[in-house]
Amino acid sequence: MKIGIIGAGHIGGNLTRRLTALGHDVSVANSRGPETLKELAEETGATPVRAEEAARGAEIVVVTVPLKAVPDLPSGLLDGAAEGVAVIDTGNYYPQRDGRIAGIEDEGLTESRWTERQIGHPVIKAFNGTYAHDLIDRARPEGAPDRMALPVAGDDEAAKRKVMALIEELGFDAVDAGGLDDSWRQQPGTPVYGLRGGVKEVQDALAAASPERQPEFRG
């Protein structure tokens, strides 16, 4: 597949490494320009581009930037993407980093619902509670007893299936965590956040989550 990755930090960089290794055609962008991605491009074979070019022709686009940077993403970010493009949001709200976001704090929007409104396109929440190095180190074949599971939330069922299939290809089991309004169950401070467990453990952790945001994750 053609995949665009917007954000080349720990998650974006390691997804670039894994997805190119699997044979996908990856374009990667950051806020500082493609010339700053030369080393990653040489290492992986990914194509460094400007953010507004990352989605062109892409069947999957990964938005993996700090929440405070989401409103500054270029307008028309998804112009030229493939029909039915699935957009993955890996983001988390950390008030100490992002400042206070009223839509999340006052309106009670889930973090990914807020991001969806900013970019004007449905998103699928995935990889937000995953340690970046686990994407490299913890991939396992299907059926392995220590294969990790990752929760996936979203409203677009076709896009969710596409993302879940990609997670399985990466070497992890994918657990359907419901719609985007249910994605609070995998936000920071919940039992599943950072969990290195299998399918049953992830399902139990999602079920045990509380909708009340913990004080350290409130602005």
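Here are three short exercises with worked solutions on this predicted model. Local features need pLDDT of at least 70 and side-chain atom pairs count only at pLDDT 80 or more, while totals for chains, interfaces and linings use all residues. Residues are numbered from 1 along each chain as its sequence is written, and side-chain values use heavy atoms, with hydrogens and water left out.

**Exercise 1.** Find which element gives the largest share of the largest nonpolar core.

Start with the term: such a core is a set of buried Ala, Val, Leu, Ile, Met, Phe, Trp, Tyr and Cys residues joined through side-chain atoms within 4.5 Å. Buried means under 20% relative accessible area, exposed over 50%, and partly exposed in between (1.4 Å probe, protein chains only). Next, look at the 30 residues of this core: among those touching the most other members are Ile 5, Phe 127 and Ile 167. Elements giving two or more residues include strand E1 (2–6), helix H1 (10–21) and helix H7 (157–170). H7 wins, with six residues.

**Exercise 2.** Classify the one aromatic pair in the whole structure.

Rings of Phe, Tyr and Trp (its six-membered ring) pair if their centres lie within 6.5 Å; planes under 30 degrees apart are stacked, over 60 edge-to-face, the rest tilted. The ring centres of Tyr 94 and Phe 217 are 6.4 Å apart and their planes sit at 45°, so call it tilted. For burial, Tyr 94 is partly exposed at 22% relative accessible area, whereas Phe 217 is buried at 14%.

**Exercise 3.** Is Glu 111 buried or exposed?

Locate Glu 111 in helix H5 (residues 111–119). Its relative accessibility is 0%, so Glu 111 counts as buried.

Conventions: Helices (H or I, at least four residues) and strands (E, at least two) are DSSP runs, numbered from the N terminus.
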